[in-house]
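Here are a few exercises on cavities and helix packing, each with a worked solution. Have a go at each one before reading on.

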Amino acid sequence: SFKDRGAAVLVAALQALGVRAVADDSSGNAGAALSAYAARAGIRARLFVPEHASPRKLAQIRAYGAQLSVVTGPRHRCEEAVREACGGTDGWVYASHNLSPYFIEGLTTLANELLLERPGTHDWHLVTPAGAGGLLLGLARGFARMEAQYVTPHLHIAQPASCAPLVRALDEGMDVPVEVEAMPTLAEGASIARPERGRQVLAAVRASEGSGVAITEPAIKSAQEALALEEGILAEPTSALATAGLAELTARKAIPPGADVVVVLTGTGLKAL
């Protein structure tokens, strides 16, 4: 998944600092990425995951030798549990993919690649799924560093309608995420009711003259099926948020007809069947 970009930089930085044990909270992809790079670096890893997490993602985490702690209750209970564990005397360091500047730094690599592949591009749009919004922030930071040489895009986010604190804030003109209660969704990777960097995400979307859209469960499922049947791409439902978002944003004229658009798919469907 795209989380590998952030985990590669985060683990390298922590290894250089002499860290020997890391912990994080994750619904799956970030946990798998952290576990993989920690195994390569010889660092112990412990992941706190919600009970609704995909069994295939949990199997991937276990395969890398990480310690797995399943937490009951809302998603934010995982964060509370990992903070409690890292406050003890066992040496666990909170390697948060939602808060670490090193993780965000790893995500800027996607912005670099997109711009280098599109040297002649003028006005264009980019659509990504968003839970906590880390990918959007990494892209915004990467684009900002290169905007003197390249034209940067309008940034759009798609969230599940059952958990859309960022999109609702954009719709209601708020500078901070709207308080929501997360409901079950196919797009489990984007089910983040309390985005830690929400204020920054909202500012980045608005600065780029972008927008946000909330996607229903049937639309998520249809978008995932269309990717497979029409494009030959098996993406997980969280990724399908972006293609469903493109259709909705185009229908609303938030993205003009015939515009130059890039849609970011964030994870493989093999982990969410």
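**Exercise 1. Find which residues line the second largest cavity, then sort them by class.**

Keep in mind that this is a predicted model.

Step 1: list the wall. The residues around the second largest cavity are His 97, Asn 98, Ala 132, Gly 133, Gly 134 and Arg 197.

Step 2: sort them. Gly counts as polar here, and the tally for this lining comes to one nonpolar, four polar and one charged.

Step 3: add the volume. The second largest cavity holds about 30 Å³.

**Exercise 2. Work out how many cavities of 30 Å³ or more the whole structure has, and describe the largest.**

Step 1: count. Searching the whole structure turns up two cavities of 30 Å³ or more.

Step 2: take the largest cavity. Its space amounts to about 290 Å³.

Step 3: look at the lining. There are 25 residues around the largest cavity, and Phe 2, Lys 3, Gly 131, Ala 132 and Gly 189 sit closest to its centre. The elements giving two or more residues to this lining are α2, α5 (101-117) and α6 (134-146).

Step 4: split by class. The lining of the largest cavity has 10 nonpolar, 12 polar and three charged residues. Ala 132 is worth a second look: this residue is among those closest to the centre of the largest cavity, and it also lines the second largest one.

**Exercise 3. Describe how α1 and α2 pack: what are the angle, the axis distance and the handedness?**

Step 1: get the geometry. Helix α1 (residues 3-16) packs on helix α2 (residues 29-41) at about 40°, and their axes are 9 Å apart.

Step 2: name the arrangement. Because of that angle, α1 is oblique to α2.

Step 3: give the hand. The two helices, α1 and α2, cross in a right-handed way.

Step 4: check who touches whom. On the α1 side you'll find Lys 3, Asp 4, Ala 7, Ala 8, Leu 10, Val 11 and Gln 15, meeting Asn 29, Ala 30, Ala 33, Leu 34, Tyr 37, Ala 38 and Ala 41 of α2. By class, this contact has 10 nonpolar, two polar and two charged residues.

**Exercise 4. Do the same for α6 and α8: what are the angle and the axis distance?**

Step 1: α6 and helix α8 (residues 198-207) pack at about 50°, with axes 9 Å apart.

Step 2: the angle is why α6 counts as oblique to α8.

Step 3: the crossing of α6 with α8 is left-handed.

Step 4: Leu 136, Leu 137 and Ala 140 of α6 meet Gln 200, Val 201, Ala 204 and Val 205 of α8. That contact has six nonpolar, one polar and no charged residues.

Technical notes:
Residues are numbered from 1 along each chain as its sequence is written. This is a predicted model: local features need pLDDT of at least 70, side-chain atom pairs count only at pLDDT 80 or more; totals for chains, interfaces and linings use all residues. Side-chain values use heavy atoms; hydrogens and water are left out. Axes are lines fitted to C-alpha atoms, for helices over the stretch in contact, and angles run from 0 to 180 degrees between N-to-C directions. Helices (H or I, at least four residues) and strands (E, at least two) are DSSP runs, numbered from the N terminus. Angles under 35 degrees count as roughly parallel, over 145 as roughly antiparallel, 65 to 115 as roughly perpendicular and the rest as oblique. A crossing is left-handed if the near helix is turned anticlockwise from the far one by less than a right angle, and right-handed if clockwise. Contact means heavy atoms within 4.5 Å. On a 1 Å grid over the protein atoms alone, a cavity is a set of points where a 1.4 Å probe fits but cannot get out, and a pocket is an open set with protein on both sides within 12 Å along at least five of seven lines; lining residues have an atom within 4 Å of a point. Grid points are joined across faces, edges and corners, and a volume is the space filled by probe spheres set on the points.
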